[in-house]
Amino acid sequence: MGTPYVFNVQRFSLHDGPGMRTAVFFKGCPLRCPWCHNPESQAFKPEPMADGDGRVETIGRRYSVDELMEEASRDIIFYDQSGGGVTLTGGEPMAQDIDFMFELATGLVRRGIAVGVDTCGVAPTSAFERMADVAAFFLYDLKFIDSRLHRKWTGASNSLVLRNLQRLAQLHATIYLRLILLDGINADSATIRQTMEWLRENNIDAVQVNVLPYHRFGMDKFARLGRKATEFRAPSDETLERIRHDIEEFYPHVTVGG
Ligand code: SF4
């Protein structure tokens with residue numbers, strides 16, 4: 001596959017895992033979620049996107065492993081103080097050239113920088129097995145437990161997502177499970193309980209469950225890419241509170257919101 005494209009390197013991030021982190025956003029994702037916060041992450045190649053003033057710029061460029069290591073090493077003192085590190089995100093980092101990703105992750109870990117991986121789970125199981133050796137944790141999205149709904153809304157079945165989650169659990173990886181909730185689609189107690197039952201039956205040991213209510217963050221970006229945006233509804237606070245209780249019956253550590 002070769003050197004991946006990166007569309008953003010974000011320093012001082014507090015939303016991509018524990019502590020203060022540098023998030024490296026890789027360009028390219030096998031899914032097409034219409035609520036995606038970063039739709040410029042979906043294509044595996046650079047593409048034009050208008051900025052807020054209508055000026056068009058090209059999104060995505062190649063970085064070498066060394067360049068990314070240098071960028072990430074700038075804030076090593078903050079990682080140490082805060083328990084942070086680097087998060088590989090996107091897009092889908094696990095769907096990139098896995099030799100590149102493994103070399104990057106291994107290099108960072110050798111410098112004493114903890115590496116997290118933010119994933120939708122759609123990538124070869126062998127890639128997860130390899131990365132589980134070096135990654136401190138996985139932020140793992142489980143969008144729909146129902147494969148039909150997963151295919152309808154993301155463009156692909158959830159079979160790989162579930163299989164890779166099972167495999168990471170077998171390997172005792174540290175998993176932060178992330179559930180995106182869309183009102184009227186998957187934000188109801190029956191769906192949550194079905195999801196939780198599956199997780200329990202499959203011995204998925206998540207250290208935390210992060211509930212992520214839908215947000216329209218990405219809509220403006222779809223427009224700036226010249227693509228049609230779809231609006232969903234966020235669950236109410238009351239629904240989110242009920243869902244939190246549903247999850248707490250299975251997992252004690254639940255957070256709601258980004
Ligand atoms: S999996 Fe994530 S990055 Fe990929 S399209 Fe969906 S929301 Fe966007």
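Which residue forms a salt bridge with Arg244, and how far apart are the closest N and O atoms? The partner is Glu248, and the closest N and O atoms are 3.9 Å apart. Please keep in mind as you look around that this is a predicted model. Below is a friendly tour of its charged pairs, its aromatic rings, its nonpolar cores and one helix with two contrasting sides.

**Salt bridges**

- The count of salt bridges comes to 21. As general background, side chains of opposite charge can pair when their charged atoms come close.
- Glu248 and Arg244 both belong to helix H9, where they sit four residues apart, about one turn of the helix. Glu248 is partly exposed, at a relative accessible area of 32%.
- Salt bridges that share partners also link Asp118, Asp141, Lys143 and Arg178 into one network.
- Arg244 has a salt bridge with Glu241 as well, at 3.5 Å from N to O. Helix H9 covers residues 237–248, and because Glu241 and Arg244 are three residues apart in it, about one helical turn separates them.
- Glu241 has a relative accessible area of 37%, so it is partly exposed. Arg244 also counts as partly exposed, because its relative accessibility is 22%.
- In helix H8, which covers residues 219–224, Arg224 and Asp220 are four residues apart, so about one helical turn lies between them. Their side chains meet in a salt bridge of 3.0 Å, N to O.
- Both ends of that bridge are partly exposed: Arg224 has 23% relative accessibility, and Asp220 has 44%.

**Aromatic pairs**

- The model has nine aromatic pairs.
- One of them joins Phe137 and Tyr176, with 5.5 Å from centre to centre and 75° between the planes, an edge-to-face arrangement.
- Phe137 is in strand E8 (residues 137–141) and Tyr176 is in strand E9 (residues 175–181), so this pair ties together parts that are 39 residues apart in sequence. Both Phe137 and Tyr176 are buried.
- Trp153 and Phe232 make an edge-to-face pair because their planes are at 70°, with ring centres 5.3 Å apart. The cut-off behind that label is an angle over 60 degrees.
- Trp153 comes from helix H5 (residues 147–154), while Phe232 comes from the loop between H8 and H9, so the pair ties together parts that are 79 residues apart in sequence. Trp153 and Phe232 are both buried.
- Trp153 and Phe232 also belong to one aromatic cluster, together with Trp35, Phe144 and Tyr214.

**Charges over rings**

- Arg61 lies over the face of Tyr63, 3.7 Å from the ring centre.
- The charged end of Arg130 sits over the ring of Phe102, at 4.5 Å from its centre.

**Nonpolar cores**

- As general background, in soluble globular proteins nonpolar side chains tend to be buried together.
- The largest nonpolar core here has 73 residues, and Met131, Leu177 and Ile247 touch the most other members.
- Helix H3 (residues 98–110) gives this core its largest share, six residues.
- Leaving aside residues up to four places away in sequence, Ile247 touches Leu179, Ile192, Met196, Val209, Val211 and Val254.
- There is also a second, separate core of six residues, and among them are Ala23, Phe25, Ile59 and Leu225.

**The two sides of helix H5**

- Which residues of H5 are buried? They include Leu149, His150, Trp153 and Thr154.
- These buried residues cover an arc of only 105° around the axis, so they are on the same side of H5.
- Arg148 and Lys152 are on the other side of H5, and both are exposed.
- Helix H6 (159–170) is among the parts that cover the buried residues of H5.
- Trp153 is thus a handy residue to pick out in the structure: besides being buried in H5, Trp153 is a member of the aromatic cluster.

Definitions and conventions: Residues numbered from 1 in each chain as written. Predicted model: local features only at pLDDT ≥ 70, side-chain atom pairs only at ≥ 80, totals over all residues. Heavy atoms only, no water. Salt bridge = Lys/Arg side-chain N within 4 Å of Asp/Glu carboxyl O. Helix = DSSP H or I, 4+ residues; strand = E, 2+ residues; numbered from the N terminus. Buried < 20%, exposed > 50% of the residue type's maximum accessible area, 1.4 Å probe, protein only. Phe/Tyr/Trp six-rings, centres within 6.5 Å; stacked < 30°, edge-to-face > 60°. Lys NZ or Arg CZ within 6 Å of the ring centre and 35° of its normal. Core = buried A, V, L, I, M, F, W, Y, C linked by side-chain atoms within 4.5 Å. Contact = heavy atoms within 4.5 Å. Arc of directions from axis to C-beta.
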